[in-house]
Amino acid sequence: MPAIALLTASLALGSLPGGRIPSSRSRMPVVAHVFDRFFGGGTAPATFPTEFRALSASPAVPSWDELRKRAGATDTGKRLAAEDELREKGEGQPHRAARLRLFGQDPSAVRVTLYRDSAAWCPYCQKVWLQLEEKQVPFRVELINMRSYGDKPDEFLAKVPGGLLPALELDGQLYTESLVIMQLIEQAFPDAPAMLPADPEGLDRANALLRLERELFRDWCGLCFRPGLGAKSAFEACMDQVDAALGETEGPWFLGGDRPSLVDLQYVSHVERMCASLPYWKGLALRRRQGDEEARWPRVAKWLEAFEERPAYLASKSDWYTHCQDIPPQYGPGQRAGDYAAYAASIDGRDGSWTLPLPPVDESPYLTDRLQPGWAAMDQGSSAVHEAAWRIVSNHGPVVRFALRGAGQVGAKAFQAPLADPYATPATGEIEADVDALLRFVTAWLLDAKPAPVDDDFASAMEAGDLEGREALAACAAYLRDRVGVPRDMSYPAARQLRAHLNWAIDTLSPPAAAKA
């Protein structure tokens, strides 16, 4: 098809002088889902005691059955339970954990299987996933471990020896390379809403915009992953071109119309990661909450707002902390320069942004929340805290075992991602009961939905516990806190609440300096 030939040609671009630019073959290997299957780092020593029982002996700690009933009785719990049930049938809203998408059709209509990362952090998988959702093409999903976070299954490597993600099986034929896959989907499903123009002039514009996207990607890599700020002006000039291109058509989309095109999908996955990484490593904010200050790239901001009104994009979108953890294993370490310190502290939760009480995300004074608008719809009333509680009670056993790695032993096999250690050994012994109790307390606080916990029983239990036992529990809570991922585990508003509630527990567990002395 002419469209495929034209668009594929736009991939043949060179690298920056003096260094290698991550190509579409530099895939971000997939992370297992903490709240379904667990992964993680294992940097804590294995010398913590196992006999600490102050928490588990507390008569006030609620049972998991009680907590599940409470969570299920909330409006958010009822909604999430209904969504989970629909998802099992291949219906309902887009979601990271969906394994079958039917869009009202019979399962016999499924011709496509998408192999993608289970954490929904891979930009190349994201754009193919978005295309299938936007076109409502029925598809099955196989979730594959990313190389930086664990081993890929042998059955997948037998099909795709290089292990590349995404991979797509269409009518029994397997394909790799995201842009090639997207064009093949357009060709195979012409009756679904078209995401490419059919006329030569429109295709020429699409190709020109795809070449500009590769320039933007290259300039981002030159700025983010190299020392200093020497590439900043080139990146900003390219962003000016992108912003101007968005102004050449009516509406927010690159090719006009009332829905995103393949060109929009090609841009959005990496622009999302630029918005996270450049403040964190270079002190350059591409976007802020509306009203904070005049945007240099207002059309890009409106374009992102248009994406954030689409359920498929919101289901695939990460928060900036997650991205600043998942970007280095794929692209290499970001290089700090400029006025980055305040941004990095906020994204990492070190400026109070992970401390109770937390204001609603759209009213938050913290830089990290002002940098990433678009989450307000998921933070209405008690919805965020109740979402976090529901996700814990729905899979509390694996979550407890995962947190126990914070006081366990590192795995014998290491992986590239610093927070990843799928072969870590969780701590065992009496501490298991206390970590279980700790997470029941945290879940109860989330369900209480108070600005901050008021829990004399928890404080009394801490006073009854020995110093080393409290430190072990704090290590387990911190281990879990640092590995709550978006959208893998929950939405960003829910994740910030869970991180903050775990911090409240950590602060209570941590003894005063005098006690340590």
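A residue is called buried when its relative accessible area is under 20%, exposed when the value is over 50%, and partly exposed in between. The legends below describe close-up views of a predicted model.

**View 1. Asp243 and Arg299 form a salt bridge between two helices.**
Asp243 has a relative accessible area of 6%, which is under the 20% limit, and therefore Asp243 is buried. Its partner Arg299 is partly exposed, with a relative accessible area of 41%. The closest N and O atoms of Asp243 and Arg299 are 3.2 Å apart. Asp243 belongs to helix 8 (residues 232-246) and Arg299 to helix 10 (residues 298-307), so the salt bridge ties together parts that are 56 residues apart in sequence.

**View 2. Glu133 and Arg101 are joined by a salt bridge.**
In this pair the closest N and O atoms lie 2.9 Å apart. Glu133 is in helix 4 (residues 123-135), while Arg101 is in strand 1 (residues 100-101); the pair links distant parts of the chain, 32 residues apart. Glu133 is buried, at a relative accessible area of 6%. Arg101 is buried as well, at 4%.

**View 3. Asp171 and Arg111 meet in a salt bridge between two loops.**
The distance from N to O in this salt bridge is 2.6 Å. Asp171 lies in the loop between strand 4 (167-170) and strand 5 (173-176), and Arg111 in the loop between strand 1 and strand 2 (112-117), so parts that are 60 residues apart in sequence are tied together. Asp171 has a relative accessibility of 51% and counts as exposed. Arg111, at 34%, counts as partly exposed. The structure as a whole has 28 salt bridges.

**View 4. Phe254 and Trp303 form an edge-to-face aromatic pair.**
The two ring centres are 5.6 Å apart, with 70° between the planes. Phe254 lies in the loop between helix 8 and helix 9 (262-282) and Trp303 in helix 10, so the pair ties together parts that are 49 residues apart in sequence. Both Phe254 and Trp303 are buried. These two residues belong to one aromatic cluster, together with Trp253, Tyr267, Phe307 and Tyr313.

**View 5. Trp375 and Tyr492 form a tilted aromatic pair.**
The ring centres of Trp375 and Tyr492 are 5.7 Å apart and their planes stand at 55°, so the pair counts as tilted. Trp375 lies in the loop between helix 14 (367-371) and helix 15 (383-393), whereas Tyr492 lies in helix 20 (residues 492-509), so the parts tied together are 117 residues apart in sequence. Trp375 is buried, with 1% relative accessibility. Tyr492 is also buried, with a relative accessible area of 3%. A search of the whole structure finds 21 aromatic pairs.

**View 6. Arg481 in helix 19 contacts residues from other parts of the sequence.**
Arg481 is found in helix 19, which covers residues 467-481. Arg481 is buried, with a relative accessible area of 16%. Its side chain makes a polar contact of 2.8 Å with the side chain of Asp482. Neighbours within four places in sequence aside, Arg481 is in contact with Trp354, Arg499, Leu502, Asn503 and Ile506.

**View 7. Two arginines lie over the faces of tyrosine rings.**
Arg336 lies over the face of Tyr280, at 4.6 Å from the ring centre. Arg483 lies over the face of Tyr479, at 3.8 Å from the ring centre.

Terms used
Residues are numbered from 1 along each chain as its sequence is written. This is a predicted model: local features need pLDDT of at least 70, side-chain atom pairs count only at pLDDT 80 or more; totals for chains, interfaces and linings use all residues. Side-chain values use heavy atoms; hydrogens and water are left out. Helices (H or I, at least four residues) and strands (E, at least two) are DSSP runs, numbered from the N terminus. Buried means under 20% relative accessible area, exposed over 50%, partly exposed in between (1.4 Å probe, protein chains only). A polar contact is a pair of N or O atoms within 3.5 Å; within protein, one must be able to donate a hydrogen and the other to accept it, and residues adjacent in sequence count only if both atoms are side-chain atoms. Contact means heavy atoms within 4.5 Å. A salt bridge is a side-chain nitrogen of Lys or Arg within 4 Å of a carboxyl oxygen of Asp or Glu. Rings of Phe, Tyr and Trp (its six-membered ring) pair if their centres lie within 6.5 Å; planes under 30 degrees apart count as stacked, over 60 as edge-to-face and the rest as tilted. A charge sits over a ring if NZ of Lys or CZ of Arg is within 6 Å of the ring centre and within 35 degrees of the ring normal.
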